[in-house]
Amino acid sequence: MRIRTIVAGTAALALLAGCGDSGGTAGTPTTAGQPTSSGNGGGAPKIENPLDVKTFEADPCSTVTPAQVEAFGMPGVSGRANNTALGTACIWLGASTAAKMAPGVAFLPEGTNLSTIVPNKDNTYKAFEPQPAIQGYPTYIALVSDARANGDCDLLVGVSDDKALTFTFQSDKGSPKFADPCAGITEFANLAITTMKAGAK
């Protein structure tokens with residue numbers, strides 16, 4: 001499986017200083033509608049119910065529980081932390097399993113959020129596509145290079161006016177989520193938001 005580290009997906013985001021990422025076509029989120037009030041400038045929506053993710057940022061592999069990972073189709077796959085100067089991250093490597101996929105999450109560094117990313121979208125992304133919000137949190141497919149046909153998708157989610165996460169997804173042919181990788185990562189992001197909203201580990 002052609003697994004790149006999760007940092008490769010977030011590097012462009014950090015370079016913008018309002019920055020960029022990669023991703024695909026979304027699946028069915030749990031809450032329709034994108035927040036529309038924009039108090040952040042540059043078209044970034046204001047997030048009415050900010051989510052405190054500090055605990056999970058310190059332990060990114062706790063954002064999705066083992067039971068959720070199993071329900072996603074990767075029984076027995078554990079997260080592997082991949083923390084760098086760009087931010088804390090975790091990737092679940094299911095390449096050697098029947099799932100043939102690897103979802104991941106990265107907490108973008110301080111100073112990189114929707115208000116710095118959205119205004120630069122036209123200069124950074126091959127495709128930048130607003131999606132229905134996930135549980136009230138604004139969501140975008142943000143593609144530096146469009147690899148959806150290869151089973152890859154990344155999803156940008158704002159959880160507060162100051163904090164954004166990127167969810168990455170890679171899969172190979174034979175994966176049940178290969179044909180629509182963005183539906184896959186939308187499903188995974190929804191699991192993570194559910195866990196973080198509940199404050200569970």
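Trainee: Which side chain is joined to the side chain of Lys163 by a polar contact of 3.0 Å?

Mentor: That of Glu57. Keep in mind that this is a predicted model. The polar contact runs between the two side chains.

Trainee: Where does Lys163 sit along the chain?

Mentor: In a loop. Strand S6 (153-158) comes before that loop, and strand S7 (164-171) follows.

Trainee: Is Lys163 buried or exposed?

Mentor: Start with the cut-off: buried means under 20% relative accessible area. Lys163 has 13%, so this residue counts as buried.

Trainee: Which residues does Lys163 touch, not counting those up to four places away in sequence?

Mentor: Glu57 is one of them. The others are Val53, Leu108, Pro109, Glu110, Asn113 and Gly158.

Trainee: On to pockets. Which residues line the largest pocket?

Mentor: Lys163 and Glu57 are both in the lining. From the 50s come Leu51, Asp52, Val53 and Lys54 as well. Glu110, Gly111, Ser160 and Asp162 complete the list.

Trainee: How many of the lining residues are charged?

Mentor: Six are charged. Two are nonpolar and two are polar. The space in this pocket comes to about 160 Å³.

Trainee: Now backbone angles. What is the usual sign of phi outside glycine?

Mentor: Most residues other than glycine have a negative phi. That is the background for two residues here. Gln135 has a positive phi of about 55° and is not a glycine. Lys100 is not a glycine either, and its phi is positive, near 50°.

Trainee: Where is Lys100 placed?

Mentor: In the loop that leads from strand S2 (89-92) to strand S3 (101-107).

Trainee: How does Lys100 count by accessibility?

Mentor: Partly exposed is the class between the 20% and 50% limits. Lys100 has a relative accessibility of 34%, so it falls in that class.

Trainee: And where is Gln135 found?

Mentor: In a loop too. Strand S4 (127-134) lies on one side of that loop and strand S5 (137-143) on the other. Gln135 is buried, at 17% relative accessible area.

Trainee: With which side chain does that of Gln135 make a polar contact of 2.7 Å?

Mentor: With the side chain of Thr194. There is another polar contact, at 3.3 Å, between the side chains of Gln135 and Lys197.

Trainee: Which residues does Ile193 contact, leaving aside neighbours within four places in sequence?

Mentor: Gln135 is one of them. Ile134 and Tyr137 are also on the list, as are Leu51, Val157 and Val159. Ile193 belongs to helix H6 (residues 181-198). This residue is buried, at 0% relative accessibility.

Trainee: How many residues separate Ile193 and Tyr137 in sequence?

Mentor: They are 56 residues apart in sequence. In space, their C-alpha atoms are 8.9 Å apart.

Trainee: What share of the chain's contacts join residues at least 24 apart?

Mentor: The share is 65%, taken among contacts between residues at least 6 apart in sequence.

Trainee: Let me compare two loop residues. Is Gly151 buried or exposed?

Mentor: Gly151 is buried, at 0% relative accessible area. Ala149 is exposed, at 69%. Gly151 lies in the loop between S5 and S6. Ala149 lies in the loop between S5 and S6 too.

Trainee: Which residues are in contact with Gly151, leaving aside neighbours within four places in sequence?

Mentor: Phe169, Gln170 and Ser171 are in contact with Gly151, and so are Phe178 and Pro181.

Trainee: What C-alpha separation goes with Gly151 and Gly184?

Mentor: The separation is 9.7 Å, with their positions 33 residues apart along the chain. For Ala149 and Asp180, 31 residues apart along the chain, the C-alpha separation is 8.5 Å.

Trainee: Step back to the whole chain. How many helices and strands are there?

Mentor: Six helices and seven strands. Read their order from the N terminus: α-α-α-β-β-β-α-α-β-β-β-β-α.

Trainee: What percentage of the residues count as buried?

Mentor: Of 201 residues, 53% are buried. For the surface, the accessible area is about 8,200 Å². Carbon and sulfur atoms account for 52% of that area.

Definitions and conventions. Residues numbered from 1 in each chain as written. Predicted model: local features only at pLDDT ≥ 70, side-chain atom pairs only at ≥ 80, totals over all residues. Heavy atoms only, no water. Helix = DSSP H or I, 4+ residues; strand = E, 2+ residues; numbered from the N terminus. Buried < 20%, exposed > 50% of the residue type's maximum accessible area, 1.4 Å probe, protein only. Contact = heavy atoms within 4.5 Å. Areas by Shrake-Rupley, 256 points an atom, 1.4 Å probe, with all protein chains shown as cover. 1 Å grid on protein atoms, 1.4 Å probe; cavity = no way out; pocket = protein on both sides within 12 Å on 5 of 7 lines; lining within 4 Å. Points joined across faces, edges and corners; volume = space filled by probe spheres on them. Nonpolar A, V, L, I, M, F, W, Y, C, P; charged D, E, K, R; others polar. Polar contact = N/O pair within 3.5 Å; in protein donor to acceptor, adjacent residues only side chain to side chain.
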